[in-house]
Amino acid sequence: ARASTLGIGDGTALLAVGALGRRELAPHSDLDLVFVHSGRPGQAALAEQLWYPLWDAGIGLDHSVRTIGEAVQVAATDLRAAMGLIEARHLAGDQALAAKLIGTVRQTWRAGLRGRLDELIGETGLRWRRAGEVAHRVEPDLKNGRGGLRDAQLIDALAIAQVVDRPCAGVRSARTLLLDTRTELHRLSSRAVHRGDVLHAQDAGEVAAALELGDRFELARAVSGAARTIAYATDVALRTARAALPRRNAGFGLSLGRGRVPVRRPLDDGVVEHLGEVSLARDAAPTRDPALVLRVAATAARTGLPIAAGTLTRLADTAPELREPWPPEALDELLSLLGTGHRLVGVVEALDRTGLWGRLFPEWGAVRDLPPRDRAHTWTVDRHLIETAAHAGRLTTSVARPDLLLLAALLHDIGKGRGGDHSQVGAAVVEQVARRLGLWPDDRRALVAAVRHHLLLPDTATRRDLDDPATIHRVLDTLEHDPVVLEVLHALAEADALATGPGVWSDWKAALTGELVSRCRTLLAGDPLPAPEPIDASHPLAAAAAAGGGVQVLLDVARRPAEITVIAPDRPGVLSRAAGVLALHSLQVHSAIARGYLGSAIDVFAVTPRFGSLPDPALLREQLARALDGSLPLPERLAGKERDYPVAPDADAPPPRTLWFDDEATGATVLELRATDRIGLLHRVAAALEDAGIDIRWAKVATLGTSVVDSFCLTTPSGPIDPPTRHRIAKALQKATHP
């Protein structure tokens with residue numbers, strides 16, 4: 001109406017571009033408008049009479065005034081402007097003028113795409129690196145991330161250029177879900193501060209409720225599935241565009257001379273390379289070749305070439321389900337695929353998005369797009385399994401049975417998403433899978449044991465006393481003294497941690513796990529276990545302890561992680577105060593061992609700096625002495641450090657939990673505390689135990705993202721800790737772990 005009042009009509013028109021042009025505008029987004037005119041005097045001035053009322057109303061506006069020639073010139077030089085103009089929509093004024101602009105811009109886009117495709121792919125890759133993957137970010141960028149709305153727009157742009165088909169129903173449905181999610185996010189965040197297109201954890205619950213998706217984890221799973229659908233479609237579209245617009249001398253998709261036929265290079269039985277992709281040979285017979293799907297996949301991973309979309313479609317339409325047991329050649333091709341390292345990831349993603357992976361492993365549906373419950377996990381559960389297999393491929397030479405390692409890596413978390421202990425549930429599922437794969441009974445038993453106990457080694461190494469022979473015997477008894485399973489679990493522990501996220505597999509964890517495995521092998525060989533090094537008069541720590549009765553701090557940087565030894569008069573509070581001083585210096589404590597000698601407490605800490613370098617031992621000594629005599633107010637200093645380095649609260653963080661284990665070998669009690677990490681947590685927990693009259697022999701701290709599992713070996717002068725005392729300690733620890 002406003003345009004009509006201003007006389008916009010013959011020779012002038014108003015167009016919507018961008019999200020407004022696509023009818024995808026989210027609440028509180030800017031209006032993206034183009035005023036186009038034929039170039040007659042006075043026409044351009046009409047635009048300002050349109051813009052000012054919008055500005056006065058506080059509406060965000062991205063505007064431009066162009067002739068058709070100017071618009072075409074801008075589209076030819078500005079890729080982002082071109083992407084918006086090719087989807088422009090007439091709003092008011094001269095329809096013929098608007099249609100001419102849109103048609104000319106689209107024609108220019110089609111004609112010039114060959115020369116702009118590299119730029120388009122480069123900018124897309126840069127955007128992905130900046131925003132990450134929508135499917136695997138805890139807080140995804142719904143618009144700019146890989147698999148987000150800009151990728152759906154990119155597919156449309158390539159379709160307008162007539163180099164790919166219009167998006168299929170699956171991509172359209174995925175796009176609708178992301179649009180709905182973004183719309184609710186904009187509507188919700190406008191109540192406070194608009195946070196753009198990133199789905200923050202604090203908003204996800206309300207967005208999920210608005211979309212009737214239950215909770216934020218259900219929303220995360222739906223968004224992940226949608227994003228992976230779009231990401232796969234984008235990859236295919238870019239490959240198709242590259243093949244449709246070949247570059248001379250580019251190595252990929254070479255221009256063919258007139259009359260020349262593309263070469264089909266044989267790669268394997270029934271598999272060829274055609275135009276830079278893995279395709280079926282002309283005589284391939286999917287209905288009569290049960291291993292063909294896996295052979296195509298293994299060939300693609302081995303060569304690094306993508307599988308042609310047409311090949312995947314044909315296999316999905318014609319390849320039969322493998323009967324139980326699988327033919328040996330199918331299992332061989334699966335193992336060949338799993339052993340290709342990180343090339344495996346993209347191949348399995350292609351199989352999964354086209355339904356072929358689920359046909360091979362029907363159990364995969366429970367973990368597909370399942371979001372992790374801990375922030376330390378980078379990937380969804382299904383992608384984590386594939387990443388673990390990829391890391392395991394690098395470790396196959398370290399085990400006698402690489403086939404069992406690869407299968408265990410692929411299936412170790414298959415029990416998640418089904419309720420109950422995922423290790424136990426997964427073992428039952430893997431028993432069925434192993435039968436279907438055609439494994440021999442002994443191999444089935446070993447694979448089931450590896451899945452059932454895939455956490456045994458890292459959990460034991462980081463939470464139990466490796467100097468206690470009972471610890472080693474317990475591990476071997478659990479594994480039924482099977483050296484093959486022990487070896488597989490050692491490699492699987494590393495692959496699993498590396499696939500979890502950055503920093504999860506540390507030098508400290510690797511050393512402890514290696515030490516545990518070494519001691520297990522010693523027992524299996526019938527040799528005696530090494531005894532802990534005693535503290536006697538000749539020990540260096542004994543000399544330091546007897547030197548004068550004061551506070552001493554020794555730093556050993558040759559060890560990995562570094563080792564800090566604190567020697568002080570033996571009295572309650574040394575361990576907690578030492579842990580507090582280390583926390584003030586941003587040192588992450590991995591383990592602590594408390595000993596005594598000639599009236600001195602000798603506490604040894606394995607530490608790594610969270611950032612920066614290790615502090616000066618003299619400064620640690622001075623602060624520890626003040627902490628022991630009460631002149632350094634540790635609680636206040638730690639509280640101030642928490643204020644200076646705040647951590648965003650997790651609304652879904654579980655309450656702390658205490659677990660108790662009796663050590664029949666030593667008569668001690670092992671307390672396992674699972675809680676959310678915070679600065680000075682070990683100090684607070686140790687202080688609570690000391691206040692309860694409990695002696696701490698050793699402590700091990702395992703940090704996984706925002707969660708910790710702290711294990712303490714506890715003793716009392718009167719013997720084992722009785723149930724009332726355990727209840728009292730648990731209540732004290734609840735208070736100590738509360739922020």
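What covers the buried residues of α17? In this predicted model, the cover includes α13 (328-338), α15, α16 (381-393), α18 (422-437), α19 (441-452) and α22 (483-500). Helix α17 itself spans residues 402-411, and 8 of its 10 residues are buried, so the helix is largely enclosed by the rest of the structure. The buried residues are Leu404, Leu405, Leu406, Leu407, Ala408, Ala409, Leu410 and Leu411.

The setting of this helix is a protein chain with 29 helices and 15 strands. The chain has 739 residues, of which 54% count as buried. Its C-alpha trace spans about 100 × 70 × 45 Å along the principal axes. Among the contacts with a separation of 6 or more, 67% are made by residues 24 or more positions apart.

Helix α12 presents another pattern of burial. Within this helix, residues 309-318, the buried residues are Thr311, Leu312, Leu315 and Ala316. They lie on the same side of α12, because they cover an arc of only 130 degrees around the axis. The face turned away from that buried side carries the exposed residues Gly310 and Asp317. The partners against which the buried residues of α12 pack are α10 (216-244), β7 (277-280), α11 (292-303), α14 (343-353) and α15 (356-360). Helix α15 also belongs to the cover of α17.

Two of the partners of α12, namely α11 and α14, also pack against one another. Two packed helices are described by the angle between their axes and the distance between the axes. For α11 and α14, the axes come within 8 Å and cross at roughly 145 degrees. The crossing in which α11 passes α14 is right-handed. On the α11 side, the contact is made by Val293, Ala297, Ala300, Ala301, Arg302 and Thr303, and on the α14 side by Arg343, Leu344, Val347 and Leu351. By character, the residues of this contact comprise 7 nonpolar, 1 polar and 2 charged.

Helix α3 offers a view of burial at a single residue. Ala47 is found in this helix, which covers residues 46-56. With a relative accessibility of 1%, Ala47 counts as buried, since the limit for burial is 20%. Apart from neighbours within four places in sequence, Ala47 is in contact with Phe35 and Val65. Val34 is 13 residues from Ala47 along the chain, and the C-alpha atoms of the two are separated by 9.1 Å.

The account now turns to the strands. An open sheet of 8 strands, with antiparallel pairing, follows the order β8-β9-β11-β10-β14-β15-β13-β12. The edges are occupied by β8 (552-556) and β12 (657-662); each has a single partner strand, so one side of each is left without a neighbour in the sheet. From one strand to the next, the twist averages 15 degrees. At the β12 edge, 6 bridges join this strand to β13 (residues 669-676), and the two run antiparallel. Within this pairing, Leu659 stands opposite Glu672 in β13. Helix α28, residues 681-691, lies across β10 (587-597), β13, β14 (695-704) and β15 (707-715). With respect to β15, α28 runs at about 30 degrees.

Some features of the backbone remain to be considered. Most residues other than glycine have a negative phi, and most peptide bonds are trans. The peptide bond from Glu324 to Pro325, however, is cis, with omega near -5 degrees. Pro325 is placed in the loop between α12 and α13.

Which residues other than glycine have a positive phi? Two of them are Gln162, with phi near 65 degrees, and Ser586, with phi of about 60 degrees. Both are in loops: Gln162 between α7 (149-160) and α8 (169-189), and Ser586 between α25 (574-584) and β10. Their surroundings can be told apart by accessibility. Gln162 is exposed because its relative accessible area of 61% is over the 50% limit. Ser586 counts as buried because its relative accessibility of 9% is under 20%. The loop of Ser586 adjoins β10, one of the strands across which α28 lies.

Conventions:
Residues numbered from 1 in each chain as written. Predicted model: local features only at pLDDT ≥ 70, side-chain atom pairs only at ≥ 80, totals over all residues. Heavy atoms only, no water. Buried < 20%, exposed > 50% of the residue type's maximum accessible area, 1.4 Å probe, protein only. Helix = DSSP H or I, 4+ residues; strand = E, 2+ residues; numbered from the N terminus. Arc of directions from axis to C-beta. Contact = heavy atoms within 4.5 Å. Axes fitted to C-alpha atoms, helices over the stretch in contact; angles between N-to-C directions. Left-handed = near helix turned anticlockwise from the far one by under 90°. Nonpolar A, V, L, I, M, F, W, Y, C, P; charged D, E, K, R; others polar. Pairing = 2+ DSSP bridges.
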